[in-house]
Amino acid sequence: MNNAAVELRDVTRRYGTGPDAVTALDKVSLTFRQGTFTAVMGPSGSGKSTLLQCAAGLDRPDAGSVRVTGHELTAMSERRLTLLRREQIGFVFQAFNLLPSLTAEQNVGLPLRLAGRRPSRARVRQALAQVGLTDRARHRPAQLSGGQQQRVALARALITRPDVLFGDEPTGALDSQSSREVLGLLRDMVREEGRTTIMVTHDPVAASYADRVLFLADGRLNGELPQASAKDIAAHMATLEAASC
Ligand SMILES: Nc1ncnc2c1ncn2[C@@H]1O[C@H](COP(=O)(O)OP(=O)(O)OP(=O)(O)O)[C@@H](O)[C@H]1O
C-alpha cells in the first residue's frame, strides 16, 4: 500500500503576535503512507503536539495544506471537519478520558452513539476482544488497571474503524509492561489491518515499535530513522536535546 493517508505540505502554525510570537511549526512537509506506524519525537516545545493537532484537524495551520485520505482539511467548514474526524480519525491520549459512570462496553460504544448510531453489542464486543478485554466488558474504569483503561480507550478509538489513528503520548501514564501491551496492539493493528498510526512520544522504547521515527526541533523536521532500536533513537534525541539547550 503506497497511498498517502495523511499529507502535510508547508504547514506553518504560529501562536501569538509581535515579539512574543512563537512559530510552533515552520513549513513542515510530511507524508504518512497508508498502513504505516510513525512515531514523532523531539525536545519539549519542538512542535510535536501542534503537528498532531494540525494533522488530525483539531487545529488549523496558518499556512500550508493538510490532507487526510485525500480530503483537504484547511478549507473545510467546522461541521465537515467534525464529521471527517468522527468517521476517519481515531484518537488516544495520555489521559484515558473514559467516562467513569459508564462500563467498558458503554464507553467503547460512545462514538457510535454520538454519531447517532446504535452500537451493536457484537461490534462493541469485537472491539473489546481485539484489545483482549472480553472479560472486562461490564467493569467501570475505576475497576480497571491503567493499562486496561487505555486498552478500553483504544477499543473506543477503533469502534468507528478509522483510517488513521493518532496517539498523543498514549503510553505516557502506563508502567512498562502495560506500555508494551498497548504498543504491541498498535503495531499489530497496523500490520494486520493496515491502520495508519501516528504517535507522539517522549519514550525511545515506545518509538522503537514504529516503522519510522520522525524528529522535530524548533518546529522543523530534524531527521528520521527507519525501524530503529530504542538505543539509536535515544542517541538521536540526546543530540537534539543538547543542541536545544
Ligand atoms: N496555545 C498556545 N499558545 C501559545 N503558544 C503555544 C500554544 N501551544 C503551543 N505553543 C508553543 O508552541 C511551541 C510548540 O508547542 P508543542 O506543544 O507543539 O510542543 P511539544 O513538542 O508537543 O512539547 P512537549 O513535548 O513539551 O509537549 C512551544 O514553544 C509552545 O510553547
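What percentage of the contacts in the chain with a separation of 6 or more is accounted for by residues 24 or more positions apart? In this predicted model, the share is 69%. With that figure as a starting point, the description below moves from the whole chain to its strands and then to the ligand.

The chain is built from eight helices and ten strands. Its radius of gyration is 18 Å, close to the 18 Å that the globule rule gives for 245 residues, so the chain is as compact as a globular protein of that length. Taken along the principal axes, the box filled by the C-alpha atoms is roughly 50 × 45 × 40 Å. Buried residues make up 41% of the 245 residues of the chain.

A convenient place to begin a tour of the strands is β6, which covers residues 89–93. Four of the five residues of β6 are buried, so this strand is largely enclosed by the rest of the structure. Strand β6 runs parallel to strand β7 (residues 164–168), and five bridges join the two. One pairing to look for in the 3D view is that of G90, whose bridge partner in β7 is L165.

Strands of a sheet pair through backbone hydrogen bonds, and the pairing may be parallel or antiparallel. An antiparallel case is found in an open sheet of four strands, arranged in the order β2-β1-β4-β5. The edges of this sheet are taken by β2 (22–33) and β5 (71–72); each has a single partner strand, so one side of each is left without a neighbour in the sheet. At the β5 end, two bridges join β5 to strand β4 (residues 63–68), and these strands run antiparallel. Here R67 has E72 in β5 as its bridge partner.

Strand β2 also leads to the ligand: both β2 and helix α1 (48–55) supply at least two residues each to the shell around the ligand. The contribution of α1 is the greatest, at three residues. The residues around the ligand are Y15, G16, V22, A24, G42, S44, G45, S46, G47, K48, S49 and T50. In character, the shell is made up of eight polar residues, three nonpolar residues and one charged residue.

Methods
Residues are numbered from 1 along each chain as its sequence is written. This is a predicted model: local features need pLDDT of at least 70, side-chain atom pairs count only at pLDDT 80 or more; totals for chains, interfaces and linings use all residues. A residue is buried if 20 or more other C-beta atoms lie within 10 Å of its own, exposed if 12 or fewer, and partly exposed in between; C-beta atoms are placed from the backbone. Two strands pair if DSSP finds at least two bridges between them. A residue is near a molecule or strand if its C-beta atom, placed from the backbone, lies within 6 Å of it. Ala, Val, Leu, Ile, Met, Phe, Trp, Tyr, Cys and Pro count as nonpolar, Asp, Glu, Lys and Arg as charged, and the others, Gly among them, as polar. The radius of gyration is taken over C-alpha atoms; the globule rule is 2.2 Å times the number of residues to the power 0.38. Two residues are in contact if their C-beta atoms, placed from the backbone, lie within 7 Å.
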